[in-house]
Amino acid sequence: MAPVGTLYTVPAQWKGKAIRAVAALGNVEIALPEQYEHYVDNKKPEFLAKFPHGKIPAWDGADGFKLFESTAIARYSECFGYLHFGSDASIGCMWREMTVSIDWIGLDWILSLLRGMVVAIEVEGKSPRNGDIVGLASLAPNANLLGSTREEDALVEQWMHLAETEVDMYTTLVAGITSSIIPYSKPAHNTFLERQTRALNTINQHLTANTFLVGERLTLADLWVAVIVQKAVGATVDAAARASLPALIRHLETVANQPKVKEFYGDIVYAEKGLAFVPPVKEKAPKAEKAPAAPKPKAAPKPKDDDEEEPDVPAEPKQKNPLDDLPKSTLNLEDWKRAYSNKETRGADGAIEWFYANNDPVGYSVWRVDFKYNEELTQTFMSANQVTGFFNRLEASRKYIFGSVGVLGESNNSVIAGVFIARGQDIEPVVNAAPDWESYAYTKLDLSKEEDKKFFEGALAWDLEIDGKKWVDGKNLK
Ligand SMILES: N[C@@H](CCC(=O)N[C@@H](CS)C(=O)NCC(=O)O)C(=O)O
């Protein structure tokens with residue numbers, strides 16, 4: 001059977017995995033885009049024309065139907081089918097207790113469908129005629145993942161919504177504040193964990209008396225809750241928290257290890273310790289003695305006692321940046337950023353070639369960047385978020401710097417590394433706009449040395465390898 005459509009997702013996307021498992025359970029073939037680069041292709045006009053929100057997962061049906069929002073796609077992928085009169089008007093998915101192998105159906109059936117009362121129908125051996133009511137109730141007829149009744153369907157929605165809004169949202173928020181994408185606040189961190197725990201307890205309690213969330217068999221609620229819990233156990237639901245959630249963990253193991261599900265969910269990675277905020281390393285010497293530094297958008301968050309509230313520090317007044325007083329450079333960093341964005345990275349007439357032809361090694365320096373605390377990294381997507389946070393905090397230096405930094409390795413065994421091209425010969429005035437700049441080590445690269453050149457090019461091309469660890473996700477500061 002030809003694919004029923006294309007699902008825009010990336011392999012690491014949790015909810016994309018769940019949608020793919022739903023399709024697999026229904027023996028429905030869906031395609032993935034031949035080429036899709038996240039944060040690049042989803043910003044292109046042709047993607048936005050189809051999916052104006054510009055996010056994935058996104059569904060592009062072979063029949064032309066477009067859909068975004070993961071829960072909507074998951075529900076739809078459970079039916080991935082449609083009913084239509086003649087060849088047009090679609091009715092949509094429905095509750096069913098049937099193994100449908102319908103070629104042709106009649107009006108009575110459609111009416112019962114509209115009442116949500118469909119029961120098994122088998123009308124075989126007849127071809128639809130022009131103008132007949134033709135039903136393709138489900139391309140995944142055996143999955144029955146929305147339950148068998150209207151009530152079960154509502155219960156599926158209940159658990160999915162709870163997991164989305166009261167579990168997953170807090171995993172995301174905790175990841176955001178601990179990686180400083182959102183300013184850290186201990187009380188907020190505690191509140192997020194408390195709220196998440198409350199929802200997890202509710203699910204755990206239900207699963208203490210029930211194998212599955214709805215009825216006696218696997219539904220979309222199980223797949224959705226499991227994928228959200230799988231993400232959470234690698235981030236916020238650590239060993240201590242899991243100890244009081246045995247039924248939830250048993251459920252996760254059961255669901256994620258179903259053969260057609262495991263193919264997408266992969267191994268479950270359990271974090272021993274939940275995500276924690278790593279405060280920027282403290283200055284040892286007073287900074288007043290140093291050369292004037294780039295202005296900071298905000299004062300660095302002070303390391304604080306556990307119970308202390310985050311101080312609301314006003315931004316410092318703008319000063320002239322001493323980097324502007326450096327002799328004029330022949331390298332225009334904006335031109336480089338454009339070349340990097342628009343050209344292939346490697347090869348003839350590529351961005352790397354452009355850089356070597358236009359580099360000004362006096363006006364700019366090239367640096368290797370390494371995160372100092374790689375042993376604290378857990379899930380690779382969180383490390384990638386950390387890089388985004390670091391780049392966001394370098395905003396005040398954007399016109400003096402270009403960055404290509406990535407996560408290499410796998411969850412619980414990864415490093416953050418990459419390169420910066422920075423104005424001048426000293427990295428500190430360029431990067432100290434970010435309060436956590438000292439959490440990274442900077443080594444000047446000498447592009448006349450083969451080894452340094454290889455590192456530089458690998459980081460630009462996102463194919464760098466360090467000690468056998470391959471590049472899995474990258475971010476650019478442009
Ligand atoms: N509420 C959406 C969230 C989807 C979402 O945030 N997708 C992210 C990737 S995980 C995305 O596409 N981001 C692209 C962007 O922000 O430009 C859903 O559940 O589908």
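Trainee: Why is helix α6 called roughly perpendicular to helix α9?

Mentor: In this predicted model, helix α6 (residues 186-209) and helix α9 (residues 246-256) pack at an angle of about 75 degrees. Angles of 65 to 115 degrees count as roughly perpendicular, so α6 is roughly perpendicular to α9. Their axes lie 7 Å apart.

Trainee: Which residues make the contact between α6 and α9?

Mentor: From α6 you have L200, I203, N204, L207 and T208, and from α9 there are A247, L248 and H251. By class, that contact has 5 nonpolar residues, 3 polar and no charged.

Trainee: OK, on to the strands. What makes β1 and β2 a pair?

Mentor: Count the bridges. At least two are needed for two strands to pair, and β1 and β2 (residues 58-61) have 4, in the antiparallel sense. One spot to look at is Y8, which stands opposite A58 in β2.

Trainee: How do you know that β2 and β3 pair?

Mentor: Same kind of check: 3 bridges join β2 to β3, and these strands run antiparallel. With at least two bridges required, they count as a pair. Here A58 has F68 of β3 as its bridge partner. The two strands form a hairpin with 4 residues between them, and G64 in the turn has a positive phi of about 95 degrees.

Trainee: What makes β1 and β3 edge strands?

Mentor: β1 (5-8) and β3 (66-68) each pair on one side only. The open sheet has 3 strands in the order β1-β2-β3, with antiparallel pairing. Its twist averages 10 degrees from one strand to the next.

Trainee: What is the strand order in the open sheet of 6 strands?

Mentor: That one goes β9-β6-β8-β7-β11-β10, and the pairing is antiparallel. Its edge strands are β9 (440-444) and β10 (465-466), each pairing on one side only. Within the sheet, β7 (residues 401-410) and β8 (residues 413-423) run antiparallel and are joined by 10 bridges. V405 is found opposite G418 in β8.

Trainee: Which helix packs on that sheet, and which strands does the helix touch?

Mentor: Helix α13 (residues 380-393), touching β7, β8 and β11 (469-477). The direction of α13 makes about 25 degrees with that of β11. Angles under 35 degrees count as roughly parallel.

Trainee: Now the ligand. Which residues are around the ligand?

Mentor: They are Q13, K15, Y39, N42, G54, K55, I56, P57, E69 and S70. Split by class, the shell holds 3 nonpolar, 4 polar and 3 charged residues.

Trainee: What makes the bond between I56 and P57 a cis peptide bond?

Mentor: Look at omega, which is about 0 degrees for the bond joining I56 and P57. P57 sits in the loop between α2 (45-50) and β2, and both I56 and P57 are among the residues around the ligand.

Trainee: What is the phi of Y39?

Mentor: About 70 degrees, so a positive phi, although Y39 is not a glycine. Y39 is in the loop between α1 (14-25) and α2, and Y39 is also one of the residues around the ligand.

Trainee: How do you know where to be careful with the model?

Mentor: Check the pLDDT, since coordinates should not be read in detail where the pLDDT is low. The protein chain averages 81, and 78% of the residues score at least 70. Over residues 81-108, though, pLDDT stays under 50, and the model has 77 contacts for them beyond four places in sequence. Residues 287-318 are also below 50, with 43 contacts beyond near neighbours in sequence.

Key. Residues are numbered from 1 along each chain as its sequence is written. This is a predicted model: local features need pLDDT of at least 70, side-chain atom pairs count only at pLDDT 80 or more; totals for chains, interfaces and linings use all residues. A residue is near a molecule or strand if its C-beta atom, placed from the backbone, lies within 6 Å of it. Ala, Val, Leu, Ile, Met, Phe, Trp, Tyr, Cys and Pro count as nonpolar, Asp, Glu, Lys and Arg as charged, and the others, Gly among them, as polar. pLDDT is the predictor's confidence in each residue, from 0 to 100. Two residues are in contact if their C-beta atoms, placed from the backbone, lie within 7 Å. Axes are lines fitted to C-alpha atoms, for helices over the stretch in contact, and angles run from 0 to 180 degrees between N-to-C directions. Angles under 35 degrees count as roughly parallel, over 145 as roughly antiparallel, 65 to 115 as roughly perpendicular and the rest as oblique.
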